[in-house]
Structures are given as structure tokens and as C-alpha cells.
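These are my notebook entries on a structure that I looked through one topic at a time. I wrote down what I looked up and what I found.

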Amino acid sequence: IKKLKRQCRAAERLWRKHKLEINYQLYQNQLKLYNRTVKQTRNSYFANIISENKNNPRVLFNTIESLINPDVNKNPIPASASLCEDFADHFRSKIDSVRSSVLNDQRTPFIEHDDLISPEEALDSFDLVEAATLGRVFSQVNPTTCFLDPIPTSLFKSFYGSFESEILNITNCSLQTGVFPTAFKSAVVKPLLKKTNLDPTVFNNYRPVSNLPFLSKILEKLVFIQLNEFLLNNNIFEINQSGFRVNHSTETALLKIVNDIRYALDSGQISVLILLDLSAAFDTVDHLILINRLRNIGLSGTVLEWFTSYLTERNFMVSMDTCFSGVHSIECGVPQGSILGPLLFNIYMLPLGNVIRRHNISFHSYADDTQLYISMSPDDTRPVEVLFNCILDVKLWMANNFLQLNQEKNEILVIGPEAKREKQFLKLQELSLSCSETVRNLGVIFDSELTFIPHIKQQVKTGFYHLRNLARVRPILSLANMEMLMHAFIMSRIDYCNALLAGLPKTKIRNLQLLQNSAARVLTRTRRRAHIAPILKSLHWLPISFRIDFKILLMVFKCLNGQAPSYLSDLL
């Protein structure tokens, strides 16, 4: 490109010097060749980024943002070692604040027994890892590179065969001795702004994102496989926990809740739904309680020693660009960004289900998001009192386990016909509980009559925003790459939890169909008044109503073939 640019400028100087027509034509030809080459190179560059990251929405979002807003300031505040230290102090003080607040709320000491049923056979030792298993895990783990890695992960993976025996010895030695390597206990934390429109100078608007050494993730994955198999074989998982579990998702969790609520509505009842929010839940997990919980579910011997070693003596440093803070110790919490962290958190939360069941309240959890719901006759307010007492017990249990309910973000929704909700509103007000007209539940907006109209409006609004941005970059992208972006930005939004929309009239989902039609026209560069059916057919895109039906059929198929949660399979 630089060579073509020099040739173009030389032709331009020649034409300006002699003003001959032949020189002008030569200059025009060189300019067209240069522009065409730049366009092809730019298209090829972005095509490679899109193709390599078609399953990585974050990279796709950042790529489109850089194309649309190339002058955006990616570093709103200048990085420095002192700023990194300030962030480290902020993240630590936030955890200390939550734990000190929880200590003030504790009314009873921690009870060692959690009413968990121990399995007949304990897991007291790990199976040694074979080379085939290690190779499979090595290829599955994302090749992310951490500052603590000695060489780039992509380079390391390309020479895996040369290091296979050494890596195998390290992992098996760790599993046999029950010691997690000290070098793997460090994390590099990068502050990430929660939303782009938030004030970048306010530390509370940032969340800590941890990067761990690549080899530590390999070791964690190997342990995860064995621990997860033990939990599945002994039915230890909470049946109503859908977070970080195979064949479970936000959609399956919401399907169960919506099915129960709609069943109650058909019976003339109304329902009260409460969404509980935790403050920094993963960061405040108490290590002693977690180790005790691991012991109660059947872990012992070398396995328990390994997890004790894994949780203790961890540390982190904050990184911004090329600046770093000092090294700080971590006294509590499960490592965020780790492979074992979510599974350990699910184990930590196991006794909560029994606390809620004692009140005969329906519930469902997705990681640290817990929702309680109960159905009742419109004239009966006693279940609301039961629900209130359940919340108090949940709050007490969480305080005893160093978890804090975020009272400001807890939301309550009364679901049913408007005329039947009045009594429950009054009762909730007596108990100092305020209700909302809509709540956002795992990315889906619930309304008081379960019409999902506010959710559809929000999806369409956001979808058209992204579609306008995609239309601006359409000229520089090929059809194949543009289709990938359409699936990532538009169709994934249309399909998210669309099984909840089953049974809605076509008039309610009409705007979603308009969004899909517009996306198809932008993708194929078709005029606005062209008939849409042939366009959708050429793209193999099912219309919205058929996509909803297909999702329901897919769920039924998975239920019948053991690929769905038991709480859905039991409904058939």
C-alpha cells in the first residue's frame, strides 16, 4: 500500500507540473488502484477479525465500535502506578466493607452442619491424568494470555507436543500431593467500566476482571472434570440452580418460573415474584465455611487438602496498560475468571435451598441471582407474610455466610390482573416492601400481566440501534462477514429467551418481525418495498413466530432425550 501511495503521489506531481491529459489519466488510474487496494486490505483485515472471533461477542462489539467511533478515547483516565494502587485499595475496601457490615447483621454463630446429605462414597483422591485427557483439555481451554505467562499462549499451544510430558508431570504431582502450585495463585486484575456511559472517574463504576496464568486454568479444568462428575453421580447439585451447569441456562430457568406463574394465573391465582441481589457475592465467600462445606459433601484426604491449598495464600495486582500496583493478598472469595470459581460458589450456596424450602416457597437460582415466588388467592394475604419471613431467614443465612443482600436492588413484582393485585400491594406496603411495575430478570423484562410487551419494546429499540451501526459499516464488509455480525448483534437478541413468548398474539411480536425484516434488507442490500418472504427464504431465516415454535420444539426434544434440566423434563 505504501508503494502504491508513493506511485500515486508521483503521478499527481507529474500531472500538476505538466498539466497534460495523459498525465491526468495516469494519475486517475493510480488513484483508483490505490483506493481499491486500500478497500480490499481493510475488508480483509476486518474479515479476519470477524472470522476469528465469531464466537467472541466482546471483540465483535469493540471492532464495530472502533469503526463507528474511531476517535473515541479508549483510556478516559491516564494510567499510572498510583492509580493502579488506588484501584487495588478500592476493590479491597469494598470487600472489607461488605464483610464488616455482614458481621454487624449476624445474630447466630456459624453452624457447622448444613443439613447436607453426605454421599455414601467420599472423594478422597484424584485420578491421575492421562496424556489424551490433558491434550483434549489443552485444546478446549481458551488461549488467553496473562501478564504472568512467560510466553504467549498461542505460541505455547503450538509447541504443546514438546512440553506435554512436563505439563503432565506438573498436574499429576499437584493432584497426588494435594498442593496447588504457588506460581498459579497470582491474578492480574484489570478494572473494566461497567457501561460506556458511566463516569470513568468514579471507581464504583468499575468491576475487577481477573486474568490467571494459562497453566493454572489447565490444572483447574482437570480438577473441575473430576469434581463435577462426583457431584453429578451423587446428586449433590441443587436442582433449582441453573448457573454454570451443563444443559442449564437462563432460558431454562425462566421457562420453569414462567410456566409455574402462568399455571397459577390459569387457576385464577396471582403471584408475587421477588428478585434478590447480592453485593460482591463471589468476592466475599468465606474460605473456612467453603472448606467445611466441601467436607460435608464428601471431599476428604488429598482432595480436600488440594482445595485448601487452592483457596489460601492467593494474591493479586491491578494492571492498567503498562502500569501495575503492588501485590496484595486475598483473604476471602473464590477467584473470578477461574474455571473452578463458579462451581465452588454453587457448592457454597447449597444450604440456601433448604432454608427456603422450610417456608414452602418456590425458588430458583442462577449463580448469585436468587428469585422467590409464591402463588395465592387474590383475597389471601397470609402467603405474603410467609414470603416476608422467608426473606428474613434468607438474609440471616446469608449474613452467617458472609454474604450481603443488596436491599436497594431487590425487586418485587405482583403478577396478575390489575383488579386482583390491590390487596397484595397493600399487604406488601405494610411489610415495608415496595413493588415495581416491571423488573429485569436475567436479561428479560417481566411486567405485571406477563405480556412481555416492555421486553419486546426494549429488544426492538436496542436491535435497531445496532442495526443502524451495522448499516454504516456494511459497505466495507463482505456478505459472509456481515451475516456473522447480524447473527451476533441482531438474531441472538431476537432469539434470547424467545421461548417465553410462546402463545403471544402475532400483533405482540410484530415489531420483532419488523426488526428481522430490516436486518435481512440491510444484509442483502434490498430496497425497502421488496417482498420480504423470498429474502428470508434465501437467508434460511425462519420468521419470528416459527423461531419461537422451533425453540419450544427444541426444548421438548431435549427434555425427551436427557439433555435438559430435570425441572423441565418432569413437566412433560
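How do the residues of the lining of the largest cavity divide into nonpolar, polar and charged? I kept in mind that the model is predicted, and I found that this lining divides into five nonpolar, five polar and one charged.

**Entry 1: the cavities**

I began with the whole structure, where a search finds three cavities of 30 Å³ or more. Rolling a probe the size of a water molecule over the atoms shows where empty space is left. The largest cavity has a volume of about 70 Å³, and I noted that its lining includes Glu238, Gln241, Asn346, Met349 and Phe363. I then looked up which elements contribute to this lining, and found that α13 (352–357) and β7 (362–366) each supply at least two of its residues.

I turned next to the second largest cavity, which holds about 60 Å³ of space. Among the residues that line the second largest cavity are His455, Gln459, Arg493, Tyr496 and Leu512, and at least two lining residues come from each of α16 (453–473) and α17 (479–495). Sorted by class, the lining of this second cavity has five nonpolar, three polar and one charged residues.

**Entry 2: helix α1**

I looked up helix α1, which runs over residues 2–18 and so has 17 residues. From its first C-alpha to its last, α1 reaches 25 Å, which is close to the 24 Å expected at 1.5 Å a residue.

Which residues of α1 are buried? I listed Leu4, Cys8, Ala11, Glu12 and Trp15. Seen down the axis of α1, these buried residues fall within an arc of 100°, so they line one face of the helix. On the other side of α1, I found Lys2, Lys3, Arg6, Arg13 and Lys17 to be exposed. I also asked what covers the buried residues of α1, and the cover includes α2 (21–52). Just after α1, I noted that lysine 19 takes a positive phi of about 55°.

**Entry 3: valine 318**

Is valine 318 buried or exposed? I found valine 318 in strand β4, residues 314–320, and its relative accessibility is 0%, so valine 318 counts as buried. I then compared positions along the chain with positions in space: valine 318 and valine 189 are 129 residues apart along the chain, while their C-alpha atoms are separated by 4.6 Å. Leaving aside neighbours within four places in sequence, the contacts of valine 318 include Val189, and also Cys84, Phe87, Ala88 and Phe91.

**Entry 4: two loop residues in contact**

I looked up asparagine 406, which lies in the loop between α14 (382–400) and β9 (411–415). With a relative accessible area of 17%, asparagine 406 falls under the 20% cut-off and is therefore buried. Apart from residues up to four places away in sequence, asparagine 406 touches Asp277, Leu278 and Ser279.

I followed one of these partners, serine 279, to the loop between β3 (270–276) and α10 (287–296). At 15% relative accessibility, serine 279 also counts as buried, because the cut-off is under 20%. With residues up to four places away again not counted, serine 279 touches Val98, Thr284, Gln404 and Asn406.

Technical notes: Residues numbered from 1 in each chain as written. Predicted model: local features only at pLDDT ≥ 70, side-chain atom pairs only at ≥ 80, totals over all residues. Heavy atoms only, no water. Helix = DSSP H or I, 4+ residues; strand = E, 2+ residues; numbered from the N terminus. Expected span 1.5 Å × (residues − 1). Buried < 20%, exposed > 50% of the residue type's maximum accessible area, 1.4 Å probe, protein only. Arc of directions from axis to C-beta. Contact = heavy atoms within 4.5 Å. 1 Å grid on protein atoms, 1.4 Å probe; cavity = no way out; pocket = protein on both sides within 12 Å on 5 of 7 lines; lining within 4 Å. Points joined across faces, edges and corners; volume = space filled by probe spheres on them. Nonpolar A, V, L, I, M, F, W, Y, C, P; charged D, E, K, R; others polar.
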